[in-house]
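Please look over the sequence and the 3D structure shown below. The paragraphs after it go through the chain step by step, beginning with a single residue.

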Amino acid sequence: MKRLWAFTVTLALALGACFTPGPETSSPSASASAVVVAPATAFDAARAKAHVDYLADAARGGRYSGSAGYRDAATYVADRFREIGLEPLGDNGTFFQHFTMPIVDLTEMSTLTGPGGKTYRPRVDFTESVGGRSGSGKVEAEISAVGGAARSGGFNDFAGANVRGKIALVTGPGAPNGGSSVENAYQEGAIGVLLVGGATLRYSYIPRLQTETVPTLVISTDVADQLLAPAGRTVSSAQDLVRARRADPNAPASGFDVPTTVRMTVSLTPVHDVDAMNVVGLLRSPDPNNAQRAVLVGGAQEPDGSVFQAANDNASGPAVTIEVARALAASRASLSHSIVFVAFAGEEEGLFGSEAYIAQMAVAPGRVESLVAVLNLDVIGCCSHTLLVSNEAPDLQRRVRDAASRLGVANDGTGSGGSDQASFARRRVPAVLIGAADFILHVYADKPAVVEASWLKQAGDVVTAVAKDLASAP
């Protein structure tokens with residue numbers, strides 16, 4: 001759920017996770033010290049935690065696309081696959097499946113300056129949003145508060161404000177009929193957009209930008225209240241105006257101009273292609289009649305040098321996947337179907353890794369037509385003792401939840417989308433996301449210390465049981 005590792009599991013079954021790799025001049029090579037070791041007979045939580053500690057160490061630099069830390073992490077996972085005895089299922093007899101993907105990144109930290117030259121702090125008071133209409137820009141202008149930026153379906157949150165040539169402050173509540181608040185503000189003439197929301201996160205940078213863009217920052221409620229103060233308003237009172245106007249069209253207009261001038265900058269690289277790669281390994285079934293079917297089981301650095309270590313999102317996914325593979329290798333003789341283990345790249349930017357896997361994997365077991373199920377592991381390392389399972393495939397969701405209940409692990413269902421399982425669900429492959437009900441992601445605090453071995457054990461036992469059950473079915 002970030003430009004970091006997330007694992008997915010596939011049943012030709014495939015087990016998997018996702019990560020974002022970047023450019024490299026040659027494939028990483030597994031270290032010469034990698035040797036096949038005896039498989040474990042059960043999920044090893046201590047080893048899984050050690051994998052998290054390595055992958056999310058600050059020395060990996062957040063495993064950012066194209067970085068040495070990314071290649072180091074990819075090689076580490078490939079080495080673990082090799083020592084477990086998985087077959088390489090990547091390019092030219094390697095574990096690495098290369099593909100080209102676009103990326104965009106900051107050239108320098110974004111800035112927000114308020115009245116009197118007050119400087120706000122990135123990742124504390126504000127953070128940038130990148131993708132679509134939100135891109136690079138440096139603007140200085142007054143503010144117009146525009147509620148949830150609704151402008152269709154009989155609603156007009158812009159009424160009462162003159163946003164043209166100004167910075168739109170979107171206080172919420174959201175537009176009843178959906179739509180992009182940034183696009184709506186742009187269409188009304190705004191030259192920049194401030195969105196009230198979670199300001200401590202680094203949101204995914206989506207490398208699909210409109211020809212014309214405006215700088216967009218997400219700001220905290222406290223910052224928004226400071227900027228609204230000259231108009232005698234707060235975020236709460238601005239939202240009250242919006243609700244009243246939507247309930248009664250004769251109520252006062254909810255938009256208003258604010259005599260506050262701010263300066264904001266977002267500086268991005270051009271969108272450019274990089275050579276990315278998934279890491280793919282196969283646990284082949286010995287059953288000559290069913291081995292071609294499979295189950296699939298499937299981690300950013302800032303320009304100021306600060307590192308998102310990305311332990312939970314998503315060093316935890318590959319860490320669990322590696323140890324699920326180790327445990328299942330001990331049961332290989334009993335498997336009817338094969339199991340594919342994949343570390344997907346490019347999930348945060350738009351599921352590029354899983355889409356590339358589907359487009360490029362031509363052999364069975366492995367190719368999409370051979371998959372029995374996909375178990376996608378994302379943000380599975382903390383911060384809850386309740387397992388969350390998405391609902392793209394209700395029967396598979398029920399199967400995972402039943403297994404969790406049998407093992408005494410609390411569990412709950414959730415909606416669809418949000419990670420690499422969506423790529424397979426669109427091809428009618430039964431696929432679910434498995435993670436923790438409460439989680440930490442996209443923040444500096446996502447460090448190895450937040451991931452608990454005891455929880456990795458519970459989650460790992462469930463995934464191991466489900467994958468083995470799926471791969472053992474006739």
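Does D125 count as buried or exposed, and why? The model in view is a predicted one, and in it D125 has a relative accessibility of 11%. Buried means under 20% relative accessible area, so D125 counts as buried. As for its place in the chain, D125 sits in the loop between strand 5 and strand 6. Leaving aside residues up to four places away in sequence, D125 is in contact with Y120, A199, V218, I219, S220 and V223.

The chain as a whole comes next. It contains 10 helices and 20 strands. Of its 474 residues, 58% are buried. The chain exposes about 16,700 Å², and 50% of this area is supplied by carbon and sulfur atoms.

The strands on either side of the D125 loop belong to a sheet. This is an open sheet of seven strands with mixed pairing, and its order is 5-13-8-9-10-12-6. Strand 5 (106-113) and strand 6 (126-128) stand at its edges; each has a single partner strand, so one side of each has no neighbour in the sheet. On average, and with direction ignored, neighbouring strands of this sheet are turned by 25 degrees against each other.

The pairing can be followed from the strand 5 edge. Strand 5 runs antiparallel to strand 13 (residues 256-268), and five bridges join the two. Among the bridge partners, L106 is matched with L268 in strand 13, and L112 with M264 in strand 13. Strand 13 is also joined to strand 8 by nine bridges, again in the antiparallel sense. Here A145 has F256 in strand 13 as its bridge partner.

At the other edge, strand 6 and strand 12 pair over three bridges and are antiparallel. F126 has I219 in strand 12 as its bridge partner. Strand 10 and strand 12, by contrast, run parallel and are joined by four bridges. I219 in strand 12 is the bridge partner of V196 as well.

What covers the two faces of a strand can be asked of strand 12. In a regular strand the side chains alternate between the two faces of the sheet. In strand 12, T216 and V218 lie on one side and L217 and I219 on the other, and all of them are buried, so both faces are covered. Two of these residues, V218 and I219, are among the contacts of D125.

A helix also packs on the sheet. Helix 4 (residues 221-228) lies across strand 5, strand 8 (137-145), strand 9 (167-170), strand 10 (192-196), strand 12 (216-219) and strand 13. Its direction is at about 135 degrees to strand 13.

Two other helices form a pair. Two packed helices are described by the angle between their axes and the distance between the axes. The axes of helix 1 (residues 45-55) and helix 2 come within 10 Å and cross at roughly 155 degrees. Angles over 145 degrees count as roughly antiparallel, and helix 1 and helix 2 are therefore roughly antiparallel to each other. Where they meet, A50, H51, Y54 and L55 of helix 1 face D72, A73, Y76, V77 and R80 of helix 2.

Helix 2 can be checked for its length. At 1.5 Å a residue, its 17 residues (68-84) should span 24 Å, and its end C-alpha atoms are 24 Å apart, which agrees. Helix 2 is mostly covered, with 13 of its 17 residues buried. After helix 2 comes G85, which has a positive phi, near 100 degrees.

Key: Residues are numbered from 1 along each chain as its sequence is written. This is a predicted model: local features need pLDDT of at least 70, side-chain atom pairs count only at pLDDT 80 or more; totals for chains, interfaces and linings use all residues. Side-chain values use heavy atoms; hydrogens and water are left out. The expected span of a helix is 1.5 Å times one less than its number of residues. Buried means under 20% relative accessible area, exposed over 50%, partly exposed in between (1.4 Å probe, protein chains only). Accessible areas come from the Shrake-Rupley method with a 1.4 Å probe; for residues, only the protein chains shown count as cover. Two strands pair if DSSP finds at least two bridges between them. Axes are lines fitted to C-alpha atoms, for helices over the stretch in contact, and angles run from 0 to 180 degrees between N-to-C directions. Contact means heavy atoms within 4.5 Å. Angles under 35 degrees count as roughly parallel, over 145 as roughly antiparallel, 65 to 115 as roughly perpendicular and the rest as oblique.
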